[in-house]
Amino acid sequence: MAQNNSGTDTSKAPKLPKTSPAEGARIAHAVAVISGKGGVGKSFTSSYLAVALARKGYKVGILDADITGPSIPYAFHVCGPTYGENGLINPVLSKTGIQIMSSNLLLDNPEDPIVWRGAMISTLIEQFYAEVKWDVDYLIIDLAPGTGDISLTVFQKIKLSSAVLVTSPQSLVSMVVEKSAKMAEMLSVPLLSLVENMAYVKCPDCGKKIEIYGHTDTEIGRRHGIPVFDQIPFDASIASAMDTGSIEDLEVPYLDATVHAIIQQSIEQDNN
Ligand SMILES: Nc1ncnc2c1ncn2[C@@H]1O[C@H](COP(=O)(O)OP(=O)(O)OP(=O)(O)O)[C@@H](O)[C@H]1O
Ligand SMILES: [Mg+2]
């Protein structure tokens with residue numbers, strides 16, 4: 001029986017044929033942003049990774065795989081509905097040219113809810129990968145929380161170069177990291193970076209770091225084989241940029257190590 005370090009039977013990992021991008025579309029590297037639970041900052045992380053990669057001159061897209069709770073169009077202040085051509089959907093372009101696809105961009109009224117069963121949601125995510133006219137060096141995939149249906153579709157059906165795990169700094173984090181690391185290993189996706197969001201607050205007067213949730217174990221990711229660790233503090237400019245749709249105007253250093261690792265890893269993959 002094939003086992004990983006922690007004794008999981010990896011031979012049971014379901015392997016399905018990968019979906020291909022549409023003819024004429026190009027997706028060089030897909031990176032999934034995942035988390036164990038909601039509200040920890042996946043959409044911010046996805047948005048900012050895209051912005052930072054685009055600033056370095058790469059062509060970037062964001063696939064908003066959070067079908068029932070899409071927030072990417074708000075962060076970039078883009079709206080639909082977008083249209084199709086020759087059987088392919090055009091992504092919507094942000095003001096700096098980031099290509100975006102989200103369920104909200106298909107609706108006439110972005111306030112309309114999408115009340116769908118899991119299977120339909122999974123199908124739509126596959127279509128967002130395979131039937132959108134992407135032309136990207138990096139496609140960032142912003143996932144819904146958890147390891148349910150939707151995450152599984154992305155992990156099984158989309159060829160991912162890597163995944164980034166976003167957590168908040170609470171005591172359950174060790175379990176979340178372990179679960180996600182196992183899932184990534186079972187599905188053969190390299191978990192490249194652990195991002196701890198809302199890790200601390202910086203005193204606006206004296207600059208002192210206040211660790212509201214206590215001191216973080218910065219080695220926790222590495223112990224589970226995740227090579228990169230980034231920390232994001234509570235930062236009012238992040239909340240404001242996400243809320244006002246001006247994420248492309250925000251400049252913060254917090255995800256530098258993750259961005260660097262994504263680029264390095266894709267260069268290594270391309271050379272092999
Ligand atoms: N470091 C931060 N400092 C301040 N506000 C933040 C920070 N990170 C995220 N936020 C804010 O917290 C809220 C939740 O963040 P975000 O939408 O990125 O989380 P999420 O994991 O995608 O949530 P969901 O699971 O609902 O999709 C947003 O309003 C966002 O602007
Ligand atoms: Mg989100």
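## Close-up views of a predicted model

In this predicted model, residues 24 or more positions apart account for 80% of the chain's contacts with a separation of 6 or more.

**View 1. The whole chain has eight helices and twelve strands.** Its radius of gyration is 18 Å. The globule rule gives 19 Å for 272 residues, so the chain is as compact as a globular protein of that length. Along the principal axes, the C-alpha atoms fill a box of roughly 55 × 55 × 40 Å. Of the 272 residues, 41% are buried.

**View 2. The largest nonpolar core holds 75 residues.** Six of these touch the most other members: Val31, Ala32, Ile140, Ile141, Ala163 and Leu165. Helix H1, residues 42–55, gives the most to this core, with eight residues. In soluble globular proteins, nonpolar side chains tend to be buried together.

**View 3. Alanine 163 is one of the core residues that touch the most other members.** Leave aside residues up to four places away in sequence, and Ala163 touches Val31, Ala32 and Ile34. Ala163 also touches Ala184, Val189, Leu191 and Leu192. Two of these partners, Val31 and Ala32, are themselves among the core residues that touch the most other members.

**View 4. Helix H7 spans residues 236–244 and has buried and exposed residues.** Ile238, Ala241 and Met242 are buried. They cover an arc of only 95° around the axis, which puts them on the same side of H7. The other side carries the exposed residues Ala236, Ser237, Ala239, Ser240, Asp243 and Thr244. What covers the buried residues includes H1 and helix H2 (72–75). Just after H7 comes glycine 245, with a positive phi of about 75°.

**View 5. Ligand 1 has 20 residues around it.** Gly38, Lys42, Ser43, Phe44 and Met242 come nearest. H1 and H7 are the elements that give two or more residues to this shell. By class, the shell has nine nonpolar, eight polar and three charged residues. Met242 links this view to the previous one: it is a buried residue of H7 and one of those that come nearest to ligand 1.

**View 6. Helix H1 recurs across the views.** H1 gives eight residues to the largest nonpolar core. H1 is also among the elements that cover the buried residues of H7. At ligand 1, H1 gives two or more residues to the shell.

Methods
Residues are numbered from 1 along each chain as its sequence is written. Chains are lettered from A and ligands numbered from 1 in the order in which they are written. This is a predicted model: local features need pLDDT of at least 70, side-chain atom pairs count only at pLDDT 80 or more; totals for chains, interfaces and linings use all residues. A nonpolar core is a set of buried Ala, Val, Leu, Ile, Met, Phe, Trp, Tyr and Cys residues joined through C-beta atoms within 7 Å. A residue is buried if 20 or more other C-beta atoms lie within 10 Å of its own, exposed if 12 or fewer, and partly exposed in between; C-beta atoms are placed from the backbone. Helices (H or I, at least four residues) and strands (E, at least two) are DSSP runs, numbered from the N terminus. Two residues are in contact if their C-beta atoms, placed from the backbone, lie within 7 Å. The radius of gyration is taken over C-alpha atoms; the globule rule is 2.2 Å times the number of residues to the power 0.38. The arc is that of the directions from the helix axis to the C-beta atoms. A residue is near a molecule or strand if its C-beta atom, placed from the backbone, lies within 6 Å of it. Ala, Val, Leu, Ile, Met, Phe, Trp, Tyr, Cys and Pro count as nonpolar, Asp, Glu, Lys and Arg as charged, and the others, Gly among them, as polar.
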